[in-house]
Amino acid sequence: MKRRQALSTILAAGSTSLFPARSTRAAKVSANDRIQVGVIGLGSRGFNLLDDLLAQQDVQISMISDLYNEHYRDRQWGKGPRYGYQPAREKIQQHADKHRKSGRAQLPATLTTTQAAWDPASIENLDAVVIATPDHWHALLTLFALKNGKAVYCEKPVTHTFAEGQAVYREVASQKAVFQTGSQQRSEDVFQRAVNLIRNGHLGKVTRFEVGLPPGYDQAQDDPTVSEPPEGGSYNVWCGPAVPLPYMRARHHRWWRGHRNFGGGVLMDWIGHHNDIAHWALGYETSGPVRVEAKNWVIAETPVYNTPFHYEIESTYEDGTVGLISDRFPVGTRFEGENGWLFVTRGKIDASDKRWLAKDFQSGEKDVLASPGHMRNFVDAVRFGKPTIAPAEQAHRSITPGHLGYVSHALQKPLQWDPAREVIVNDPAADELLKASADRERSAWDFLLKR
């Protein structure tokens, strides 16, 4: 298939040829049952999620899957924490041994590859699937799980491309599925306090917000030597639907997101956190800007990566609010309103009026959904049909300015955006570029048939 057909064609909402729906157990289970969960992707983030799952007394990890039996992320072999299938299995075994008296000693099935994870039989008895793979695998595995009737927790950014994001959130709506995005800041008290203050009007009309994100990669982050892929995994399968680039450590574990084949750079890694907070606070969760322009982008000079080292995206919303996303701001989200300013980042909140910061300050009647913890919120949604705090469409909308920023930078012009129709206005070529499948050449259909 041609480059621009690729996944945007295969992953159209409602596609059934690739992921045929199966009759499976409903995700909502009785109060006395454990949630049966499978985890796909056992790197650093996957291990964090394993810890979160093991802390839930009503969860049973019944399947784990990773392409690599063992690896050390970006470190040299044998240095630092171990990741992959075998260390994950050992972690679960240790937890089971510790809690053997409580009857939580069951081990997951022996599944060692993503190929096994996408076999419908491998997830048939699961209630939910947790996905912590690199970004370019998010949509395929999410749609596969949704089509097979499973609840899904998927790391952010919810998808790698814009078209994939549309496919995912529309499928979630079609299936009336439980879906949680791994934008865990929504479940943290400091961000909920900030959002409540803004929603209740303490800043007055917000006229501007600044989203500070870390800079990208200005040079190779690891060894850029092209070499044979490491043993104990399948680099070809790891590339999945993306163009198989020559293997190098500088584009593999941890550093893969520096190339558009696999991720969207640090910009798309972090926009789903701090721009998400801005959208959440200002009521843009299911809408977005009407104008977007990329400015002052500096692409890394190394050929290893093709994502921006420095970047700025200016977004204008229908109510006149201007949002700026840049690595030149302090990391976090700053809101400027008629009555003052507020800044929030991980572990810190500050404001022009210090009274707002007191723990006993009552922000008002408009409260966001309280969360007992991000994973716990997901488990409660699966068990009892409660809403999740980070739904699929809201995650997609939060990262849309980043997708539009890439198009604006490529075409060197501002874009007029219709958030209701999700269309670049009066510019079919730009809209086609947005909804193409980035640099992918292998369709999901072709890849899965010929694996």
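## Burial and the overall chain

A residue counts as buried when its relative accessible area is under 20%, and this cut-off is the one to keep in mind for Trp417, which at a relative accessible area of 3% is buried. The structure described here is a predicted model, and every value in this report is computed from that model. By the same cut-off, buried residues make up 59% of the 451 residues in the protein chain.

The protein chain contains 14 helices and 14 strands. When contacts between residues at least 6 apart in sequence are considered, 72% of them join residues at least 24 apart. The surface that the protein chain exposes comes to about 18,100 Å², and carbon and sulfur atoms supply 48% of this area.

## The nine-stranded sheet

Nine strands form an open sheet with mixed pairing, and their order across the sheet is E12-E11-E10-E6-E9-E8-E7-E13-E14. At its edges lie strand E12 (348-351) and strand E14 (423-424), each of which pairs on one side only. Within this sheet, E7 and E13 run antiparallel and are joined by two bridges, and Arg291 stands opposite Gln416 in E13.

Strand E8 of the sheet holds Ser315, a residue that is buried because its relative accessible area is 1%. Apart from neighbours within four places in sequence, Ser315 is in contact with Pro289, Arg291, Val292, Thr321, Val322, Gly323 and Pro401. Arg291 therefore appears in two settings, as the residue opposite Gln416 and as a contact of the buried Ser315.

## Strand E4 and its parallel neighbours

Strand E4 (residues 151-154) is covered on both faces, with Ala151 and Tyr153 buried on one side and Val152 and Cys154 buried on the other. This arrangement can be read against a general pattern: in a regular strand the side chains alternate between the two faces of the sheet.

E4 pairs in the parallel sense with strand E3 (residues 128-131) over four bridges, and Val129 stands opposite Val152 in E4. E4 also runs parallel to strand E5 (residues 179-181), to which three bridges join it; here the bridge partner of Cys154 is Thr181 in E5. Val152 and Cys154, which lie on one side of E4, thus face Val129 and Thr181 respectively as their partners in the neighbouring strands.

Helices connect these strands in two units of one kind. E3, helix H6 (residues 138-147) and E4 make a right-handed β-α-β unit, and E4, H7 and E5 make a right-handed β-α-β unit as well.

## Aromatic pairs

The structure holds 12 aromatic pairs. One of them is formed by Phe162 and Trp417, whose rings are edge-to-face, at 5.8 Å centre to centre and with 85 degrees between the planes. Phe162 lies in helix H7 (residues 162-175) and Trp417 in strand E13 (residues 415-418), so this pair ties together parts that are 255 residues apart in sequence. Phe162 is buried, with a relative accessible area of 1%, and Trp417 is buried with a value of 3%.

The rings of Tyr217 and Trp255 have their centres 5.5 Å apart and their planes at 85 degrees, so this pair is edge-to-face as well. Tyr217 lies in the loop between strand E6 (206-212) and helix H9 (235-239), while Trp255 lies in the loop between H9 and helix H10 (265-282), so the pair ties together parts that are 38 residues apart in sequence. Tyr217 counts as buried at 11% relative accessibility, and Trp255 is buried with a relative accessible area of 10%.

Ring pairs also link Tyr235, Trp238, Tyr247 and Phe262 into a cluster. A charge meets a ring at Tyr406, where the charged end of Arg260 sits over the ring, 3.9 Å from its centre.

## The loop around Ala300

Ala300 is found in the loop between strand E7 (291-299) and strand E8 (308-316), and although it belongs to a loop, Ala300 is buried, with a relative accessible area of 10%. Not counting residues up to four places away in sequence, Ala300 touches Tyr217, Asp218, Tyr305, Thr307 and Phe309. One of these contacts, Tyr217, is also a member of the edge-to-face pair with Trp255. The C-alpha atoms of Ala300 and Gly258 are separated by 9.4 Å, and these two residues are 42 residues apart along the chain.

Conventions:
Residues numbered from 1 in each chain as written. Predicted model: local features only at pLDDT ≥ 70, side-chain atom pairs only at ≥ 80, totals over all residues. Heavy atoms only, no water. Buried < 20%, exposed > 50% of the residue type's maximum accessible area, 1.4 Å probe, protein only. Contact = heavy atoms within 4.5 Å. Areas by Shrake-Rupley, 256 points an atom, 1.4 Å probe, with all protein chains shown as cover. Phe/Tyr/Trp six-rings, centres within 6.5 Å; stacked < 30°, edge-to-face > 60°. Lys NZ or Arg CZ within 6 Å of the ring centre and 35° of its normal. Pairing = 2+ DSSP bridges. Right-handed = clockwise from strand over helix to strand, strands pointing away.
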